[in-house]
There are 2 protein chains.
Amino acid sequence: MEKAESTIAQMRKGVLEMSVLAAINGNEAYASDILERLKHAQLIVVEGTLYPILTRLKNEGFLSYRWEESTSGPPRKYYSVTQAGHDFLNELQSGWNDMVSSVSMLLTINHSTEPTNI
Amino acid sequence: MEKAESTIAQMRKGVLEMSVLAAINGNEAYASDILERLKHAQLIVVEGTLYPILTRLKNEGFLSYRWEESTSGPPRKYYSVTQAGHDFLNELQSGWNDMVSSVSMLLTINHSTEPTNI
DNA sequence: ATTTAGTACTATGTATTGCATAGTACTGTT
DNA sequence: AACAGTACTATGCAATACATAGTACTAAAT
């Protein structure tokens, strides 16, 4: 169902930012590493989606980067999470956990044997 | 942190649609009931946000409604989930569960004692 | 009959991010 | 110099949550 896919894409809004931060947290990485870590977590992201997120997070002070030369192509940006980014990630995680909890309640409330209004 | 709040608001995109369907599923309701059920699940939603979601879901065939007179104000729209809506909800739930699983992996990968690149 | 308060719903525009696409630049190989 | 692979930048579109303003219905009060 096409509509389900587009709604799931909507669900990724906000979640990818948190996931990218989490994928880097404590373990500096460049774009290809990050894509691999996300893929390992079954979160498929392409470069055209990742780079704007990295740029935005860096501009907001949640990530910093250093350039490193490469022998197999252009130089690479190695990202790491700043202290502000770590704090931001903690807040996002807290909000995310609340949301997961809420959704869990909602997805189970009508599976009880309580009578309905039908 | 204002930015965390706006990102959490972004996370609600797509999730509220699923939550509204879940709140109605098997238990027809009008807007005020739905807001109460969402509130009970700690998912705070206001009318200006709920009505467009209901309208959109109805237009897409996932909800249907019947009017019922009220003695305390205008007539009310009682919504119920259609078969298509039930199928849609199942697909959303599946995608949501996958996403929750992915995020869970990402939020824990760097808490291990494995050496990092620092 | 008119006005008021409470209630239920509709209409509309803004902000934001994921996404797709096109482009530029670097490196080693041919 | 040209090419393939790699890394990154730039840009516009689509979709939904949100806030705000508005219309309409009902009972009660005047």
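These are my notebook entries on a predicted model of two chains, A and B.

**Ground rules**

I number residues from 1 along each chain as its sequence is written, letter chains from A and number ligands from 1 in the order in which they are written. For this predicted model, local features need pLDDT of at least 70, side-chain atom pairs count only at pLDDT 80 or more, and totals for chains, interfaces and linings use all residues, while side-chain values use heavy atoms, with hydrogens and water left out.

**Entry 1: confidence**

I checked pLDDT (the predictor's confidence in each residue, from 0 to 100) for chain A. The average is 92, and 92% of the residues score at least 70. Residues 112–118 of chain A fall below 50, and beyond near neighbours in sequence this stretch has six contacts in the model (a contact means heavy atoms within 4.5 Å).

**Entry 2: how the chains are related**

In general, two copies of a chain are related by a rotation about an axis and a shift along it. I looked up both values here: a rotation of 180 degrees with 0.0 Å of shift puts chain B on chain A, at an RMSD of 0.1 Å (a least-squares fit on the C-alpha atoms of residues with pLDDT of at least 70 in both copies). That is the relation of a two-fold axis. The same surface serves both copies, as 98% of the contact residues of chain B recur in chain A.

**Entry 3: the interface**

How many residues does each chain put into the contact? I noted 49 from chain B and 48 from chain A. About 4500 Å² is buried between them, with carbon and sulfur atoms giving 70% of that (buried area is the accessible area, with a 1.4 Å probe, that two parts lose on being put together, summed over both). Met11(B), Met99(B) and Leu106(B) supply 15% of the area that chain B buries against chain A, more than any other three residues.

**Entry 4: helix 1 of chain B**

I followed Met11(B) back to its helix. The buried residues of helix 1 (residues 2–11) of chain B are Ala4(B), Thr7(B) and Met11(B). (Helices are DSSP runs of H or I with at least four residues, strands are runs of E with at least two, both numbered from the N terminus; buried means under 20% relative accessible area, exposed over 50%, partly exposed in between, with a 1.4 Å probe and protein chains only.) These buried residues span an arc of only 65 degrees around the axis, so they sit on the same side of helix 1 of chain B (the arc is that of the directions from the helix axis to the C-beta atoms). Their cover includes helix 1, helix 2 and helix 5 (83–108) of chain A, together with helix 2 (15–24) of chain B.

Across the interface I looked at Gly14(A), in the loop between helix 1 (2–11) and helix 2 of chain A. Gly14(A) counts as buried because its relative accessible area is 13%. Leaving out neighbours within four places in sequence, Gly14(A) is in contact with Thr7(B), Gln10(B) and Met11(B).

**Entry 5: helix 3 of chain A**

The buried set of helix 3 (residues 31–40) of chain A is Ala31(A), Ile34(A), Leu35(A), Arg37(A) and Leu38(A). An arc of only 165 degrees holds them, which puts them on the same side of helix 3 of chain A. Exposed Lys39(A) and His40(A) are on the face turned away from the buried side. The cover over the buried residues includes helix 2 (15–24), helix 4 (47–59) and strand 2 (76–81) of chain A, plus helix 5 of chain B.

Just after helix 3 of chain A, Gln42(A) has a positive phi of about 65 degrees. Gln42(A) is exposed, because its relative accessible area is 58%. I found a positive phi of about 65 degrees at Gln42(B) too, although it is not a glycine.

**Entry 6: Ser102(B)**

Is Ser102(B), in helix 5 of chain B, buried or exposed? Ser102(B) counts as buried because its relative accessibility is 1%. Beyond neighbours within four places in sequence, Ser102(B) is in contact with Ala41(A), Gln42(A) and Leu43(A). A polar atom of the Ser102(B) side chain lies 2.6 Å from the backbone oxygen of Ala41(A).

**Entry 7: around helix 5 of chain A**

Thr82(A) is in the loop between strand 2 and helix 5 of chain A. A polar atom of the Thr82(A) side chain lies 2.9 Å from the backbone nitrogen of Gly85(A). Phe88(A) lies in helix 5 of chain A and counts as buried, at 0% relative accessibility. Phe88(A) and Phe62(A) are 26 residues apart in sequence and 7.4 Å apart in space, C-alpha to C-alpha.

Terms used
A polar contact is a pair of N or O atoms within 3.5 Å; within protein, one must be able to donate a hydrogen and the other to accept it, and residues adjacent in sequence count only if both atoms are side-chain atoms.
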